[in-house]
Amino acid sequence: MPFSSLVILTGAGISAESGLATFRASDGLWEQHRIEDVATPGGFRRDPDLVHRFYNERRRKLKAVAPNAAHAALARLEAAWKGDFLLVTQNVDDLHDRAGSRRLIHMHGELLKARCLVCAEVHPWEEDLGPGTMCPQCGVMGRLRPHIVWFEEMPLEMDTIYEALERCEVFLSVGTSGNVYPAAGFVEAVPIRSRTIEINLEPSLVATAFKEHRLGPASVEVPRIVDELLAQGS
Ligand code: APR
C-alpha cells in the first residue's frame, strides 16, 4: 500500500504529560483567567500588562518542560513517512519543534514569537514582553504583542491546511476537546473515504465525526498508532 497523504491535528492534550496546563480541565488555564481578559484583542487593548504577564508566565514555563513520547513519535513518523505529511497544532508551545517536527503549522501562533503592531514584523522572542520592549526592526517601544492568534482573530495558514485536509487519506486528531473552530471542524473537511482517528483521554465534542477512537494518554496511544501506520505504510 503506497504511503497515503496524512494530516495530524494536535491540541493541548498532547503537551499535558510534558507538564503544560490544558485549557478546559478543572485546573485549566481558563479556570484561572477569563478568556476575554487575556486572549482577545479587546483584552489586550484594555490591559496590555495583564496580557503580557499571562503570556510571559507561559513563555517562561517552556524552559522547564520537554517534549514527551507523543511529540517524539510524531517527529519519527514524519521522518519515515513517504507520502504527503502535515502536522497542524493548535498549541503555541514549541514542543513539536523541539521534538524535530518540521512540516508543522502553528495555526494559533507561537509563544516564542512576538509581532510588532507598528511594522508587523514577527520576531523570535524568548524573553518577557512588556511596555518597555523595543521592536528590533522599527525601534518603536511598547508596541510588540505575543504572536498568538486570539479569539475573534483568524488562525494562520488556513489555505494550506484546507488544501491538505481536502486530499488527505488519513486524518489523526490528538488531545483536543473539539471546543474551538475552525480546528474542531477539520474532520468534516476530509474526503468521506478517509480514515479518521481520534486519540484523547475522553471523547471530544466532535468524537462522533471520527470513524476510529482510541481513549488513553497521548504518550501511550500516539507511539502505538505511529508504529501501526509505519508498519502498514498507510
Ligand atoms: N492525552 C490525551 N489527551 C489528553 C491528555 C493526555 N495526556 N490530557 C488531556 N487530554 C485531552 C482532554 O481530554 C481534552 O479533550 O486534551 C483535550 C484538551 O482540551 P482543551 O483544554 O480544550 O485544549 P484544546 O482542545 O487544545 O483547545 C483548543 O482553545 O482556548 C483555545 O487557543 C486555545 O488552542 C486552544 C484551543
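Reader: Why is Glu152 called exposed?

Author: Happy to explain! Glu152 has a relative accessible area of 70%, and exposed means over 50%, so Glu152 counts as exposed. Keep in mind that this is a predicted model.

Reader: What makes the backbone of Glu152 worth a look?

Author: Glu152 is not a glycine, yet its phi is positive, about 75°. You will find Glu152 in the loop between β6 and α8. Glu157 lies in that loop between β6 and α8 too, and it has a positive phi of about 55° although it is not a glycine.

Reader: Why does Glu157 count as partly exposed?

Author: Its relative accessibility is 47%. Buried needs a value under 20% and exposed one over 50%, with partly exposed in between, so Glu157 counts as partly exposed.

Reader: Let's turn to the rings. Why is the pair of Tyr55 and Trp150 called tilted?

Author: Good one! The structure holds eight aromatic pairs. In the pair of Tyr55 and Trp150, the ring centres are 6.3 Å apart and the planes stand at 45°. Rings pair if their centres lie within 6.5 Å, and planes that are neither under 30 degrees nor over 60 apart count as tilted; therefore this pair is tilted.

Reader: What makes you say that Tyr55 and Trp150 tie together parts of the chain?

Author: Tyr55 belongs to helix α5 (residues 48-62), while Trp150 is in the loop between β6 (144-148) and α8 (158-166), so the pair ties together parts 95 residues apart in sequence. Tyr55 and Trp150 are both buried. The two also belong to one aromatic cluster, together with Phe23, Trp30, Phe44, Phe54 and Phe151. In addition, the charged end of Arg145 sits over the ring of Trp150, 3.8 Å from its centre.

Reader: And why is the pair of Phe171 and Phe210 called stacked?

Author: Here the centres are 6.0 Å apart and the planes are at 20°. Planes under 30 degrees apart count as stacked, so Phe171 and Phe210 are a stacked pair. Phe171 is in strand β7 (residues 170-174) and Phe210 in the loop between β8 (195-200) and β9 (212-215), 39 residues apart. Both residues are buried.

Reader: How do you know that Glu17 makes a polar contact with the ligand?

Author: An N or O atom in the side chain of Glu17 is 3.0 Å from a nitrogen atom of the ligand. A polar contact is a pair of N or O atoms within 3.5 Å, and 3.0 Å meets that cut-off. The side chain of His108 has an N or O atom 2.9 Å from an oxygen atom of the ligand. The protein covers 92% of the 730 Å² of accessible area that the ligand has on its own.

How values were computed: Residues numbered from 1 in each chain as written. Predicted model: local features only at pLDDT ≥ 70, side-chain atom pairs only at ≥ 80, totals over all residues. Heavy atoms only, no water. Polar contact = N/O pair within 3.5 Å; in protein donor to acceptor, adjacent residues only side chain to side chain. Areas by Shrake-Rupley, 256 points an atom, 1.4 Å probe, with all protein chains shown as cover. Helix = DSSP H or I, 4+ residues; strand = E, 2+ residues; numbered from the N terminus. Buried < 20%, exposed > 50% of the residue type's maximum accessible area, 1.4 Å probe, protein only. Lys NZ or Arg CZ within 6 Å of the ring centre and 35° of its normal.
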